[in-house]
Each structure stands twice: as structure tokens, then as C-alpha cells.
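Subject: Structure for you to look through

Dear colleague,

I am handing over the structure we talked about, and below it you will find my notes on what turned up in it. Please keep the structure open while you read, and take the notes one part at a time.

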Amino acid sequence: MIIDILSSIFLLVGAALGIVGGIGIHRFPDFYTRLHAIGITDTLSALMILLGLALQAGWSIAAFKLALIFVFLFFTSPTASHALAYAAQHSGLKPKLDQK
Amino acid sequence: MRPNLILHVIAKFVIPLIILFALYVQFHGDFGPGGGFQAGVIFSAAFILYSLVFGLETAEKIIPHHWLRILASLGVVIYAGVGIESLILGGNYLDYTLLGSNQIAGQHLGILLVELGVGITVAAAMLILFFAFAGRGRE
């Protein structure tokens, strides 16, 4: 019962973070702000969703696989954000600044 | 291009895991989701990641182009060879049942060999496609 409630809280928080990131990628004005929106939320969103699923799975091989997926995402997703930002900066994309 | 330390470290950490996962998908294909095609694509993704991070020339040194052609045809030969083998043993083309001592062993061995052929061909063909497109502006 408690595990069910906890896991649904985790799943909801993860889904909410994903939706926030999606809204950010849709609404923000230029490349760097969009990257900021999704690059921060997606790792935590994946952690929350995988944690919720792992609580449902219990101590089993499925939970271990979920942990492996999380380790993989934990390393690759910030690296992908870094590579995107680095490539954009390298090719000379300027952030959109407020004109005053 | 200036070498990027973060990408190099993470790529060196991730590429063996990708290849390991490709082998898992390849040989676990008869118990769970997976199979030759998916494993081949994942396997080639490891090499594509390597060539994106470390450069096209280094990647082509690891897998030369004539090797890729040989591998792409080798997979087809394995696939067709299993079929011919079952013809020789007196069954239909790709009739796996005759390959082992009983039906289950034969089916098991046959599907494993065929998927191995598919995996090798798909991995090599994906890499050929990638190198063909990525090296387009060089010549």
C-alpha cells in the first residue's frame, strides 16, 4: 500500500518533469534556453520514473535492469546536452539576447 | 577539431556497454525481445558513436572498408548456408528441424545461426551506409 503510493508519487513527479521539459522546449525562444529546459529536467524525470517502476517491480531482476538503465541515462543524457551545446557554440550560434 | 575530454571519456565508457548490450540482444533473441536485426543496428551504433567522437579516419582504421564488404556478404552466406545445409540433410530450405538431434535442438541451433548471419550483415551494411554518407565530401 505504502509502496504503491510512493511509486505513484514518483511516477507522477517524473511525468510532470517530463511535461515541464516538453513545454519548455516548445515555448522557449532560442536553442540555448530550450536546451536548458530539457537538459535539466530529463535526467531527473528518468530517475523518478525508473524509481517508481522499480518500486513496483520489487527486489527482482527487473529492478536491477531498471537500475542499469538509470546508470546508462545518468551518464549519457548530460553528455548529450553538453555535446549539443558545445557543437552549437563551436559553430558560432549566439544566444538570443533581449534587445534594449 | 579540438579534442573534447568529456565526450572522449564518456564514449570510452559507453561503447563497450553498447557492444555488450548488442551481443545480449543478439543471443537472447530466442528467449526475449531481440534478434539479429536489432543487434546489428545496436552494434553498428557503437562504431558510429566512435567515429562521431574520435573522427572518421580513426574509425576507418579500426574497420577498413574492404572488411565491411566481406562481413556484409559473410552474413548472407551464413544465412543461405544454413538453408543449403538443411537441403543437403534432406529437408526443405531453412528446415531447422534436421540440424540437431531432435526437433527442439535443431530449431534452436538453426534460428541462432540465421540470426547471427542477419546480425553480421545488418551491422556491416549500416556501417557501409554511414561511412558512405559521412565521407561524401572527402573525395
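In which helix of chain B is the place of B:Tyr24? This residue lies in helix H1 of chain B, and please bear in mind from the start that we are looking at a predicted model. Is B:Tyr24 buried, exposed or partly exposed? It counts as partly exposed, because there are 14 C-beta neighbours inside 10 Å of it, and a residue would need 20 or more to be buried and 12 or fewer to be exposed. If you follow the chain from B:Tyr24 to B:Gly34, you move 10 residues along the sequence, while the C-alpha atoms of these two residues are 8.6 Å apart in space.

Chain B as a whole

Chain B has 5 helices and 0 strands, so to speak of its order from the N terminus on is to write α-α-α-α-α. Its C-alpha atoms fill a box of roughly 60 × 35 × 15 Å, taken along the principal axes. Of the 139 residues in this chain, 27% count as buried. Among the contacts in chain B with a separation of 6 or more, 61% are made by residues that stand 24 or more positions apart.

The nonpolar cores

The largest nonpolar core has 20 residues, and those with the most contacts inside it are B:Ala22, B:Ala39, B:Ile42, B:Phe43, B:Ala123, B:Ala124 and B:Leu127. At least two residues of this core are supplied by each of H1, helix H2 (36–54), helix H4 (65–88) and helix H5 (103–134) of chain B, and the largest share, 9 residues, comes from H5(B). One member that you may like to select on screen is B:Ala22, which, leaving aside its neighbours within four places in sequence, is in contact with B:Ala39, B:Ile42, B:Phe43 and B:Ala46. A second, separate core has 9 residues, including A:Phe10, A:Met48, A:Leu51 and A:Leu55.

Two helices within chain B

Two packed helices are described by the angle between their axes and the distance between the axes. For H2(B) and H5(B), the angle is about 35 degrees and the axes are 7 Å apart, and their crossing is right-handed. On the side of H2(B), the residues that meet H5(B) include B:Gly36, B:Ala39, B:Gly40 and B:Phe43, and on the side of H5(B) they include B:Glu115, B:Gly119, B:Ala123 and B:Leu127. By class, the residues of this contact divide into 13 nonpolar, 4 polar and 1 charged.

Where the two chains meet

How many residues of chain B are in contact with chain A? There are 7, and they touch 7 residues of chain A; the side that belongs to chain B has 6 nonpolar, 1 polar and no charged residues. Helix H3 (residues 61–90) of chain A packs with helix H1 (residues 5–27) of chain B at an angle of about 140 degrees, with their axes 11 Å apart, which means that H3(A) is oblique to H1(B). The crossing of this pair is left-handed. Among the residues that make the contact are A:Phe72, A:Phe75 and A:Thr79 of H3(A), together with B:Ile6, B:Ile10 and B:Phe13 of H1(B), and by class the contact has 9 nonpolar, 3 polar and no charged residues.

With best wishes

Conventions. Residues numbered from 1 in each chain as written. Chains lettered and ligands numbered in written order. Predicted model: local features only at pLDDT ≥ 70, side-chain atom pairs only at ≥ 80, totals over all residues. Axes fitted to C-alpha atoms, helices over the stretch in contact; angles between N-to-C directions. Helix = DSSP H or I, 4+ residues; strand = E, 2+ residues; numbered from the N terminus. Parallel < 35°, antiparallel > 145°, perpendicular 65-115°, else oblique. Left-handed = near helix turned anticlockwise from the far one by under 90°. Contact = placed C-beta atoms within 7 Å. Nonpolar A, V, L, I, M, F, W, Y, C, P; charged D, E, K, R; others polar. Core = buried A, V, L, I, M, F, W, Y, C linked by C-beta atoms within 7 Å.
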